[in-house]
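User: Hey, got a minute to walk me through this one? I have the sequence and the structure open.

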Amino acid sequence: MPARPRMTLTSTVLGTPDPRGLARFYAELLGREVATDEPGWVTLGPGGPGLSFQLETDHVPPTWPQGPGDQQMQLHLDVEVDDLVAATGFAQSLGARVAEFQPQDDVRVMLDPAGHPFCLYTSG
């Protein structure tokens, strides 16, 4: 096997019909800045894991939880919070929705404005 070259994961990319809008949502939610704002491609600045948004005009939001024939969830983001109730209300004020199905009492599954699931949770 050849030697592994240096590789660094730099970003998670979410597809959306509105990259600027979804970037603004996550920038406000996470207290970050928009770093790159190009047509079809927007990134958040430093302050946490890389997060980017790519134009996908035919984006189909995943279904949570997935049923037979539904668009499958490919990934979700986990966001640690100090106060689950306050964080849920704040996310809703930015345009997120609480998912109908909630599998755990100490985690709140949310849907961002493009329909991507993300989880708010407390560590203790």
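User: What order do the strands take in the open sheet of four?

Analyst: The order is 5-8-7-6, and the pairing is mixed. Keep in mind that this is a predicted model.

User: Which strands sit at the edges?

Analyst: Strand 5 (77-80) and strand 6 (97-98) do, and each of them pairs on one side only.

User: And how do strand 7 and strand 8 pair?

Analyst: They run antiparallel, with five bridges between strand 7 (residues 107-111) and strand 8 (residues 117-121). To pick out one link, Val107 has Tyr121 of strand 8 as its bridge partner.

User: Zooming out, how many helices and strands does the chain have?

Analyst: Two helices and eight strands. Going along the sequence, the pattern reads β-α-β-β-β-β-α-β-β-β.

User: OK, on to the inside. Which residues touch the most other members of the largest nonpolar core?

Analyst: Tyr26, Phe53, Phe118 and Leu120, out of 22 residues in that core. At least two core residues come from each of helix 1 (19-30), strand 3 (41-44), strand 4 (51-55), strand 5, helix 2 (84-93) and strand 8. Helix 1 gives the largest share, with six residues.

User: Why would nonpolar side chains be buried together?

Analyst: I can only offer the general trend: in soluble globular proteins, nonpolar side chains tend to be buried together.

User: Back to Phe118, then. What is it in contact with, leaving aside neighbours within four places in sequence?

Analyst: Quite a list. Phe118 contacts Phe25, Tyr26 and Leu29, as well as Leu77, Ala91 and Ala96. The rest of its list is Arg108, Val109, Met110, Leu111 and Asp112.

User: What about the second core? Which residues does that include?

Analyst: That one is separate and has five residues, among them Ala99, Val107, Val109 and Leu111. Val107 is the residue whose bridge partner is Tyr121.

User: What share of the chain is buried?

Analyst: 35% of its 124 residues. As for contacts with a separation of 6 or more, 50% of them are between residues 24 or more positions apart.

User: Switching to the outside: what does the accessible surface come to?

Analyst: About 7,900 Å², with 51% of that belonging to carbon and sulfur atoms. The C-alpha trace spans about 45 × 35 × 35 Å along its principal axes.

User: Last one, charges. How many positive and negative side chains are there?

Analyst: There are 7 positive and 16 negative side chains, and the centres of the two sets are 8 Å apart.

Technical notes: Residues are numbered from 1 along each chain as its sequence is written. This is a predicted model: local features need pLDDT of at least 70, side-chain atom pairs count only at pLDDT 80 or more; totals for chains, interfaces and linings use all residues. Side-chain values use heavy atoms; hydrogens and water are left out. Two strands pair if DSSP finds at least two bridges between them. Buried means under 20% relative accessible area, exposed over 50%, partly exposed in between (1.4 Å probe, protein chains only). Contact means heavy atoms within 4.5 Å. Accessible areas come from the Shrake-Rupley method with a 1.4 Å probe; for residues, only the protein chains shown count as cover. Lys and Arg count as positive and Asp and Glu as negative; His and the chain ends are not counted. The place of a charge is taken as NZ of Lys, CZ of Arg, CG of Asp or CD of Glu. A nonpolar core is a set of buried Ala, Val, Leu, Ile, Met, Phe, Trp, Tyr and Cys residues joined through side-chain atoms within 4.5 Å.
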